[in-house]
Amino acid sequence: MGDEEKQNPFTVLVCGGGNAAQVATAMYAARYNTIAVSLFADEAARWKEALGDADYELTLDTGKVIKSKPDDITNDPSVAAKADAIVLAVPSFAHGQYFEAFEPYIKPDTVVACMPARSGGDLLLASKLGPKADDVTFVGFETLPWACRFTDWGKKATILGTKGSILAAVTPPAKTPKAFSTLQGLLGVFPNCTYSPNNLGVSLRNPGAVIHPGVMYGRWCPEKWDGNPVDEKPLFYQGVEEFSESVLLGLTGEVQAIKKKMEELVPGLDLRDACDLKQWYMDCYAGQMTDTSSLRACMNTNPGYRGLTHPCKDADDGKFVPDLKYRYLAEDVPTGMCFNKGLGEILGVPMPMTDKVLAWAQDCIGLKILENGKMCGPDVVKTRAPQATGIATLDDFLKASKIDKAALASAPPKPPPAVPPPAETEEKNPFCVLVCGGGNAAQVATAMF
């Protein structure tokens with residue numbers, strides 16, 4: 001390692017044009033070459049026109065204001081050739097579009113991070129990049145780093161709260177130190193990137209794959225809804241009752257069966273983060289729920305869910321009908337539940353509750369995924385199921401996931417993590433740094449920090 005100082009050019013691409021993408025772009029552009037890329041309709045052109053020659057103004061949750069300007073805002077995927085890091089802050093259903101568009105241009109050693117990755121993001125990257133995936137590092141985050149919103153679209157945004165930590169896994173795991181240092185440098189002190197052993201654990205942990213389809217089914221399946229408009233929008237999380245809880249327990253139990261089977265078939269595989277749904281609530285909302293005696297109680301007494309209702313559309317006479325094409329089904333079924341079902345099928349794990357919910361949900365969103373209980377419908381290719389990328393056996397899955405069965409079997413067992421799991425809530429994270437001195441280095445450090 002050389003002791004000399006030099007210019008270290010670094011370019012980051014931020015994908016998307018929504019709240020999180022604009023926040024990330026403004027934050028990173030304050031220090032690094034930053035290019036915003038949106039492949040959605042004319043979003044890039046609209047954003048570029050809205051910003052004009054002005055700086056983007058980002059108000060942090062500390063009250064500090066960052067003013068910066070991205071080097072470009074474009075819909076041209078060839079800018080991937082310049083990127084040292086690519087951060088996707090777009091809905092998970094769009095990840096494949098970006099991966100495919102970047103494939104001709106992406107360079108070796110690029111760090112590709114998805115915030116959030118949802119399920120099977122590493123498999124999707126491998127399928128879209130082909131041989132190039134072997135030279136790219138994938139980072140799957142469990143969630144977004146911030147709660148944020150526009151105050152003036154394309155020009156100003158505010159970070160309302162920042163997570164203290166955020167769970168992330170790296171494929172291949174050997175690239176974790178470089179990937180974490182890169183992303184921690186982009187994010188700053190908070191949130192802290194918390195290590196997860198592999199992206200399979202992050203995929204099976206995905207709460208949206210269970211909660212959203214499960215609660216929707218529990219309220220609107222033929223057993224519970226007669227098809228007539230309702231007088232008011234039902235509460236979503238805090239409206240979970242005995243039947244919906246039984247659906248959720250069935251779904252999360254089947255994911256736990258997948259976890260157990262994988263750990264049996266691949267000795268040494270660490271899926272510690274693939275916890276059941278109740279434990280996920282205990283990890284993420286500890287101290288906030290007033291009753292943790294059951295899964296239903298955790299959801300009913302979580303103050304962060306207060307007043308949140310089912311997605312509904314207006315009907316006649318001021319009544320409501322469910323929006324069964326909302327992202328809770330249209331996104332979380334293809335990018336979450338289908339991954340679970342597909343892997344369970346490969347492993348021979350029975351999943352009767354998943355089969356029931358998936359069969360109902362696919363009709364709601366107009367897809368043919370499950371046929372005769374198997375992931376062989378014509379629309380499987382539109383999902384994150386391993387079968388969508390031609391994976392049919394455990395060996396195929398391990399190869400695509402870069403899980404080295406032999407290396408894991410011979411590795412010594414690792415101790416449990418010394419840090420608590422990340423909380424799901426965003427909050428203000430006060431942090432104060434003192435810089436000592438008044439010379440060149442001290443003044444530079446003071447301005448930077």
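# Exercises: pockets, cavities and sheets

About 1,300 Å³ of space lies in the largest pocket. Keep in mind while working through these that the model is predicted.

**Exercise 1.** Work out which residues lie nearest the centre of the largest pocket and how its lining divides by class.

*Solution.* Start at the middle. Of the 46 lining residues, Pro116, Arg118, Thr143, Leu144 and Arg327 lie nearest the centre of the largest pocket.

Next, look for elements that give two or more residues to this lining: you'll get helix 1 (19–29), helix 3, strand 9 (146–152), helix 7 (211–220) and helix 11 (327–330).

Finally, sort by class. The lining of the largest pocket splits into 25 nonpolar, twelve polar and nine charged residues.

**Exercise 2.** Now find which element gives the most to the lining of the second largest pocket.

*Solution.* First, the volume: the second largest pocket comes to about 1,100 Å³. It has 30 lining residues, and Leu60, Gly188, Val189, Met448 and Phe449 are the ones nearest its centre.

Then list the candidates. At least two lining residues each come from helix 1, strand 4 (65–68), strand 10 (156–162), helix 5 (176–187) and helix 16 (440–448). Helix 5 wins, with four residues.

As for chemistry, 20 residues of this lining are nonpolar, seven are polar and three are charged.

**Exercise 3.** How many cavities of 30 Å³ or more does a search of the whole structure find, and what lines the largest cavity?

*Solution.* Five cavities pass the 30 Å³ cut-off. The largest cavity has a volume of about 70 Å³.

Its lining consists of Leu204, Arg205, Asn206, Pro207, Val210, Thr252, Val255, Gln256, Cys275, Asp276, Leu277 and Trp280. Map those onto elements, and the ones giving two or more residues are helix 6 (199–205), helix 8 (242–265) and helix 9 (277–284). Helix 8 gives the most, with three residues.

By class, you should get seven nonpolar, three polar and two charged residues around the largest cavity.

**Exercise 4.** Trace the lining of the second largest cavity and find the element with the largest share of it.

*Solution.* About 50 Å³ of space lies in this cavity. Around it sit Asp122, Leu125, Ala126, Ala133, Val136, Phe138, Thr171, Pro172, Ala400 and Lys402. Seven of the lining residues are nonpolar, one is polar and two are charged.

The largest share, three residues, comes from helix 4 (residues 121–129). Now check burial along that helix: Gly121, Asp122, Leu123, Leu124, Leu125 and Leu129 are its buried residues. Step just past the end of helix 4 and you reach Gly130, which has a positive phi of about 60°.

**Exercise 5.** Write down the strand order of the eight-stranded sheet, then say which strands stand at its edges and which helices lie across it.

*Solution.* The order is 5-2-1-6-7-8-11-12 in an open sheet with mixed pairing. Strand 5 (72–74) and strand 12 (192–195) are the edges; each has a single partner strand, so one side of each lacks a neighbour in the sheet. From one strand to the next, the twist averages 25°.

For a closer look at one pair, take strand 8 (residues 137–141) and strand 11 (residues 165–171). They pair in the antiparallel sense over four bridges, and Gly140 stands opposite Ala169 in strand 11.

Now add the helices. Helix 2 (residues 43–51) lies across strand 2 (33–37) and strand 5, at about 145° to strand 5. Helix 3 (residues 95–102) lies across strand 1 (11–15), strand 2, strand 6 (85–88), strand 7 (111–114) and strand 8, running at about 155° to strand 6. You've already met helix 3 in the lining of the largest pocket.

**Exercise 6.** Do the four-stranded sheet in the same way: what is its strand order, and which strands are its edges?

*Solution.* This open sheet reads 4-3-10-9, with mixed pairing. Strand 4 and strand 9 are the edge strands, each pairing on one side only. Ignoring direction, neighbouring strands here are turned by 20° against each other on average.

Inside the sheet, strand 3 (residues 56–59) and strand 10 pair in the parallel sense over three bridges. In that stretch, Leu58 stands opposite Ala157 in strand 10.

To finish, tie the sheet back to the pockets: strand 4 and strand 10 each supply at least two residues to the lining of the second largest pocket, while strand 9 gives two or more to the lining of the largest pocket.

How values were computed:
Residues are numbered from 1 along each chain as its sequence is written. This is a predicted model: local features need pLDDT of at least 70, side-chain atom pairs count only at pLDDT 80 or more; totals for chains, interfaces and linings use all residues. Side-chain values use heavy atoms; hydrogens and water are left out. Two strands pair if DSSP finds at least two bridges between them. Axes are lines fitted to C-alpha atoms, for helices over the stretch in contact, and angles run from 0 to 180 degrees between N-to-C directions. Contact means heavy atoms within 4.5 Å. On a 1 Å grid over the protein atoms alone, a cavity is a set of points where a 1.4 Å probe fits but cannot get out, and a pocket is an open set with protein on both sides within 12 Å along at least five of seven lines; lining residues have an atom within 4 Å of a point. Grid points are joined across faces, edges and corners, and a volume is the space filled by probe spheres set on the points. Ala, Val, Leu, Ile, Met, Phe, Trp, Tyr, Cys and Pro count as nonpolar, Asp, Glu, Lys and Arg as charged, and the others, Gly among them, as polar. Buried means under 20% relative accessible area, exposed over 50%, partly exposed in between (1.4 Å probe, protein chains only).
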